[in-house]
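Here is a friendly tour of one protein model, written with a computational chemist in mind. Have the sequence and the 3D view open as you read.

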Amino acid sequence: MNDMRVPVLVEHAPSPSAPASPARRASSPSAAGPRIAAVRCALPPHRYAQHELTGPIGDLCLSPGADRALLHRVHASAGVGTRHLALPIERYARLGDFGHSNDAWLETGLELGEEALSGALREAGLAPADVDLLVFASITGVAAPSLDARLAGRMGLRPDVKRLPLFGLGCVAGAAGLARVHDHLRGHPDDTAVLLTVELCSLTLQRGDSSRANLVAGALFGDGAAALVARGGNTDGDSSGAVAPAAGPRVVATRSHLYPGTERLLGWEIGAAGFRVVIDAGVPDIVRGHFGRHLRAFLAEHELAVDDIGTWICHPGGPRILSAVSETLGLSEDALDCSRRSLAAVGNMSSVSVLHILEGIRARRAPEPGTWGLLLAMGPGFCSELVLLRW
């Protein structure tokens, strides 16, 4: 992969420093917006320490006798301690073509998706028939009917459940999916919506590809699924008693942003062998040069500043991305510790990661009532997604 010069971005939106119009301001925090009722992750049983994967991944990607110095450096610096894989590591050499990899994605994805979704519904005190909207995101496999449609009958969702399968958002889909759930529930405050993400990144590793991007992907990415249950503002204190006020944060506002001229920074090249990863070295520079001012402008529209955010849920794209976010925002050393812990424990799980981080925060100790949180991620486009939360 060749390094590229960072694109000169031409912004077509109003200047971030311009005063926000009243229509763009958040609703009052006391308004009954959507609330996150539950988050549950499901991980494959095949768990490996990073050093256990370096040799086998080298065998898959490099020719016999090739220099492995870069491979070892990338694995050692990835910030990953352990990862879960969809299959036992010895099976990857026998996968064959893209069709076999995609079949494995569908089979394992259905199992993990059902585990995550059923677990999240149990946590929320709900049944599958209570779900009004199911948003499904994955960028590591394809199917029609989509995985969510196959799960609907398997799990007993209602025949009239609304479905929104998403493809192409990649790592940003956990945040973008939550934002779209927020949009629906603001207009349908009596509804229950679920975001389900399934990412089996290991199945996209390209055999015989010694490019830096493929080696980085082989060092960073892990597999998993996650489900998030959110309920409209009118459901608080409903007759089921399923969602107590302290169950989770409200989603206050969201913001999407595309960065023009950066389409080739991140994504897939799709060919006969399946999904070949594109990860450009210019991504951290885009974060440092542009992401911070857009985030600050978003917060300013809600009369907030970076220092007002007590809980950060940042997609762990890798150590360089986390450092770039921390530097451009001037965060304290420990502000992104939840992201670093997730990266170390399970690797970068693409769209699943922000939900894994949110689950960890809820499991350890919920933030104090009134705490502001920001869930954020970046992905192909190149784009970013911001979700403002309040406990």
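## Elements and overall picture

Helices and strands here are DSSP runs, numbered from the N terminus; a helix is H or I over at least four residues, and a strand is E over at least two. With that in hand, D209 can be placed in the loop between β6 (192–200) and α6. We will come back to this residue below.

Please keep in mind that this is a predicted model. The protein chain holds ten helices and 13 strands. Of its 391 residues, 58% count as buried. Among the contacts with a separation of 6 or more, 81% are between residues 24 or more positions apart. The accessible surface of the protein chain comes to about 16,000 Å², and carbon and sulfur atoms hold 53% of that area.

## Confidence

The average pLDDT of the protein chain is 88, and 89% of the residues score at least 70. Residues 1–30 stay under 50, and the model gives this stretch 45 contacts beyond four places in sequence. Residues 239–246 also have a pLDDT below 50, with twelve contacts in the model beyond near neighbours in sequence. Where pLDDT is low, the predicted coordinates should not be read in detail.

## The largest cavity

How many cavities of 30 Å³ or more are there? The count comes to three. The largest cavity has a volume of about 340 Å³. Its lining is made up of 27 residues, and those nearest the centre are C201, T204, A217, F221 and W268.

Several elements give two or more residues to this lining: α1 (50–61), β3 (82–85), α6 (212–220), β9 (266–271) and β10 (274–279). Of these, β10 gives the most, with four residues. Sorted by class, the lining of the largest cavity has 18 nonpolar, eight polar and one charged residues.

## The largest pocket

Now for the open side of the story. The largest pocket has a volume of about 610 Å³. It is lined by 27 residues, with V216, L220, I279, G317 and R320 closest to its centre. The elements that give two or more residues to the pocket lining are α6, α7 (283–301), α8 (319–329) and β12 (372–379).

Which element has the largest share of this lining? That is α6, with four residues. Helix α6 is also among the elements that give two or more residues to the lining of the largest cavity. By class, the pocket lining has 17 nonpolar, six polar and four charged residues.

## Two residues up close

Is D209, in its loop between β6 and α6, buried or exposed? D209 has a relative accessibility of 9%, so it counts as buried, because the cut-off for buried is under 20%. Leaving aside neighbours within four places in sequence, D209 is in contact with C61, N214 and R276. Of these partners, C61 falls within the range of α1 (50–61), N214 within α6 (212–220) and R276 within β10 (274–279).

The second residue, S326, is found in helix α8, one of the elements that give two or more residues to the lining of the largest pocket. At 14% relative accessibility, S326 is under the 20% cut-off and therefore counts as buried. Beyond its neighbours within four places in sequence, S326 is in contact with L331, S332 and L336.

Terms used. Residues numbered from 1 in each chain as written. Predicted model: local features only at pLDDT ≥ 70, side-chain atom pairs only at ≥ 80, totals over all residues. Heavy atoms only, no water. 1 Å grid on protein atoms, 1.4 Å probe; cavity = no way out; pocket = protein on both sides within 12 Å on 5 of 7 lines; lining within 4 Å. Points joined across faces, edges and corners; volume = space filled by probe spheres on them. Nonpolar A, V, L, I, M, F, W, Y, C, P; charged D, E, K, R; others polar. Buried < 20%, exposed > 50% of the residue type's maximum accessible area, 1.4 Å probe, protein only. Contact = heavy atoms within 4.5 Å. Areas by Shrake-Rupley, 256 points an atom, 1.4 Å probe, with all protein chains shown as cover. pLDDT = per-residue confidence, 0-100.
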